[in-house]
Amino acid sequence: MEVKEGCRKNQGPPPSPHLLYIDGEKMAFFSMAQVGGEKDVKTTPPELRGKKVITSCHGWLILLDVDVDVDEKEEYNVDVDEEEEYNVDVDEEEEYYHYSLWNPLTLEFICLPAFHLKPEQELQECILTSPPGNDDSMLFFFEKKVPSFIFYRIGDEHWTHQPITADFETDSLTNFVVCNGTLYCSTDRRGSLVKIDMSAPDRHLSLVLFDASRAEPREFVVCNILYRAESFGELFEIHVLLEGTLSKKVHALEVFRLDFSSMEWRRVESFEDRAFFLVGWSSFSCQAIASGIKGNHVYFTSSEDRSLYSFNMEDKTVSVSLPCSNLSISCKPILLLPDLRNDNIESKNNDLDVGSKVIKSEKRQVVKRPPPTEAEAEAETAMGDFGKLPLDMVFEIGRCLILGDYMNFRAVNKMCHLAAPPIQWRRVGLNGFTDYNCLAPWLTSFKKGDAICNFFSPFRAENYFVSIPNNELKDVKMCYSRDGWCLMLRGQSSLFLWNPIVEGIFVLPDLLCEWNQVVGCSISSSIDSVVLIRDDFSIDFIFLEESEWSSFSIFGSCDHYFWVSIPAFYEGAFYFFFEDGNLAIFKIEEEPFFQILNQFKAPCSFHRIFLLQCDGMLLSVLVGFLGEWILVFKLDFSKMAWVEVENLGKHTLFISRFSSFSMRAPSPEMENRIYFPRFYEKDGNIIYYSLSTGKLHSHGTEEVLENFYNTREKLSSTWIEPSWNWDVYNGS
């Protein structure tokens with residue numbers, strides 16, 4: 001082992017994790033607290049040239065030499081007598097691997113001995129168990145095809161090879177992580193937790209299988225990327241759920257903590273002042289005590305680009321930024337936490353939210369309300385005059401208000417609350433709420449575990465929070481919406497329709513399968529039927545007057561990729577896209593009908609695609625990577641092709657992952673636009689695309705955006721078009 005030291009300085013613990021960019025002969029390394037500031041591009045140190053970064057662990061980079069001269073074995077400190085240590089014979093077909101460690105903060109470089117593998121062997125994962133200098137520091141690999149461990153204890157003369165015991169050789173091991181000095185992993189197929197004991201005097205590794213329950217995400221996706229991380233003595237699992245098999249778009253993110261007493265994974269809804277960073281095989285966490293680091297966030301990168309993403313556990317939004325936009329570097333960032341963390345920080349269990357309960361250790365400060373200002377006093381006086389109005393006149397005022405203003409009106413005082421009661425769903429035909437042409441859509445979401453619904457008005461940039469009485473909607477998930485009615489899920493098998501405007505609820509029969517097998521859903525335009533698409537290539541459907549679901553298998557008639565668009569109802573049929581761009585149709589007639597419409601394949605490649613009906617046309621909205629381009633097409637059956645649409649006329653489109661629809665623009669300046677469930681980080685306004693300008697804009701300021709950078713997407717939200725006079729159920 002060769003150790004080189006750079007120009008070390010006596011530095012204290014860095015305030016935050018760091019970002020590292022290495023692009024050929026150029027390099028940038030800076031704290032995340034400096035993301036918004038100026039950064040310098042430096043020359044890459046010679047130790048890094050000709051090497052590939054495998055991952056980062058404890059502030060060190062694990063490097064693989066890609067320019068190895070296999071004829072010079074002595075250069076790599078491989079003794080022929082030590083070949084027996086590997087229990088294999090060396091031949092010319094073997095590949096030599098030369099690894100090294102480099103600390104970008106202290107500039108220390110550690111050159112490790114080389115080792116060889118036969119062609120049929122394959123390294124799957126690696127981890128550095130602790131920083132070099134610790135007695136238990138070890139670079140650890142798992143060899144997949146010939147199940148075995150290959151590891152090097154820092155300071156040894158050679159690597160050690162140990163075959164896997166018979167109990168584990170039939171199942172691959174994955175997701176290695178160190179917690180409290182113990183190395184853990186899990187079996188690939190069964191997901192069982194395994195402890196690797198490294199304390200034996202003869203350095204032999206022993207494996208212990210735990211009977212731990214597998215963490216089960218609520219959401220179904222084809223692609224579930226699992227990360228494990230130690231955080232202040234606790235073991236966490238982070239599941240990044242992606243849409244489809246080909247895309248890298250985040251569908252949801254779920255976090256679990258291992259309860260060592262019961263050996264069960266507990267769902268975590270919040271972790272307060274911690275932040276997690278997902279880094280391949282060596283994710284980590286830290287306290288959010290520095291500027292630039294937000295608590296209750298998960299940071300990660302993507303293999304598709306050089307962006308930095310963060311997931312907010314509180315509001316389920318994903319933000320995307322480009323930290324090095326002013327640098328001439330094209331590579332993706334490497335996240336790492338220097339190994340100078342304060343080891344005296346106690347476990348933050350009291351700040352952990354397991355389930356939906358948050359317990360904080362710090363005391364809350366009581367702040368007295370200041371006396372009213374002169375303007376507030378005048379407003380209260382004016383409100384007193386308003387309170388002298390006759391009750392019937394106050395009632396007439398309430399009838400002229402749209403949803404958001406109506407909700408605010410009820411909260412003014414007791415008289416307004418009495419004159420404007422909540423609209424009961426049995427009184428859907430209430431006069432005064434049937435002639436509204438100015439009702440604008442709302443972006444709606446629930447906070448998990450709360451019976452509180454959040455309505456966001458994109459045109460007023462206002463949030464409204466509605467508490468649902470009797471916990472009727474507590475711990476539910478919003479799956480789809482149409483004409484003011486939302487398809488809601490409770491648990492894994494209970495569905496019901498809910499209208500937040502008229503407070504109507506219609507319960508559907510239990511599902512034929514659990515919800516985690518459902519990959520798409522839709523409702524017909526007359527709200528008389530519901531369709532669910534399952535992961536086993538079957539479609540479940542029900543008419544609201546029926547007492548049970550029906551199922552129709554499309555297996556054999558569909559050999560395409562995973563679905564990629566929410567089904568759109570158009571002229572009596574449901575349409576949806578597959579990931580490879582093929583369009584499918586499903587009809588519920590006397591006999592269900594399904595067909596792939598090969599002649600109507602998506603007009604071009606896309607990053608995201610949405611289907612919806614607009615003014616008698618079936619439209620597809622195609623979005624390029626991070627919104628770099630947006631195109632609209634209509635399905636022309638006469639030409640048997642998709643035709644580009646350059647103008648929506650007086651219509652506006654509202655698209656999201658759970659609902660997409662069109663409506664006549666509430667005002668002339670909102671015509672010919674497409675609204676997304678995205679918000680501009682700079683001003684907090686919602687983002688829209690204008691077909692008139694061909695640009696993205698921030699609503700209100702009209703600032704032009706080139707793409708989706710510096711925006712955040714609300715994953716768990718759906719657009720709702722207020723509907724006051726629709727009766728889904730006439731029986732009560």
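**A walk from Phe676 through the cores and sheets**

Start at Phe676, which touches Val623, Ile630, Ile655, Ile686, Ile687, Tyr689, Leu696, Phe708 and Trp719, leaving aside residues up to four places away in sequence. Keep in mind that this is a predicted model.

Phe676 is also a good way into the largest nonpolar core, which has 45 residues: together with Ile238, Leu253, Val621 and Ile674, Phe676 touches the most other members. Strand 18 (residues 234-242) supplies the largest share of this core, with 4 residues. There's a second core too, separate from that one, made of 36 residues and including Tyr99, Ile127, Phe176 and Val178. As a general backdrop, nonpolar side chains in soluble globular proteins tend to be buried together.

Now stay with strand 18 for a moment. How many of its residues are buried? The count is 9 of 9, so to speak of strand 18 as mostly covered is fair, taking buried to mean under 20% relative accessible area. Look at the two faces and you'll find both covered. On one side sit Glu234, Phe236, Ile238, Val240 and Leu242, and on the other Leu235, Glu237, His239 and Leu241, all of them buried. Notice that this list takes in Glu234, Glu237 and His239 along with residues such as Phe236 and Leu241.

What does strand 18 pair with? Strand 17 (residues 223-231) runs antiparallel to strand 18, and 9 bridges join the two. Within that pairing, Arg228 stands opposite Glu237 of strand 18. Strands 17 and 18 make a hairpin with 2 residues between them, and in the turn Phe232 has a positive phi of about 50 degrees. Strand 18 also pairs with strand 19 (residues 250-259), again in the antiparallel sense, over 7 bridges. Here His239 has Glu254 in strand 19 as its bridge partner.

Elsewhere in the chain, 4 strands form an open sheet, ordered 9-10-11-12, with antiparallel pairing. Why does one side of strand 9 (123-128) and of strand 12 (160-163) lack a neighbour in the sheet? Both stand at the edges and each has a single partner strand, so one side is left without a neighbour. On average, neighbouring strands in this sheet are turned by 20 degrees against each other, direction ignored.

Further in, strand 10 (residues 138-143) and strand 11 (residues 148-153) pair in the antiparallel sense over 6 bridges. One place to look is Met138, which stands opposite Arg153 in strand 11.

How values were computed: Residues are numbered from 1 along each chain as its sequence is written. This is a predicted model: local features need pLDDT of at least 70, side-chain atom pairs count only at pLDDT 80 or more; totals for chains, interfaces and linings use all residues. Side-chain values use heavy atoms; hydrogens and water are left out. Two strands pair if DSSP finds at least two bridges between them. Axes are lines fitted to C-alpha atoms, for helices over the stretch in contact, and angles run from 0 to 180 degrees between N-to-C directions. A nonpolar core is a set of buried Ala, Val, Leu, Ile, Met, Phe, Trp, Tyr and Cys residues joined through side-chain atoms within 4.5 Å. Buried means under 20% relative accessible area, exposed over 50%, partly exposed in between (1.4 Å probe, protein chains only). Contact means heavy atoms within 4.5 Å.
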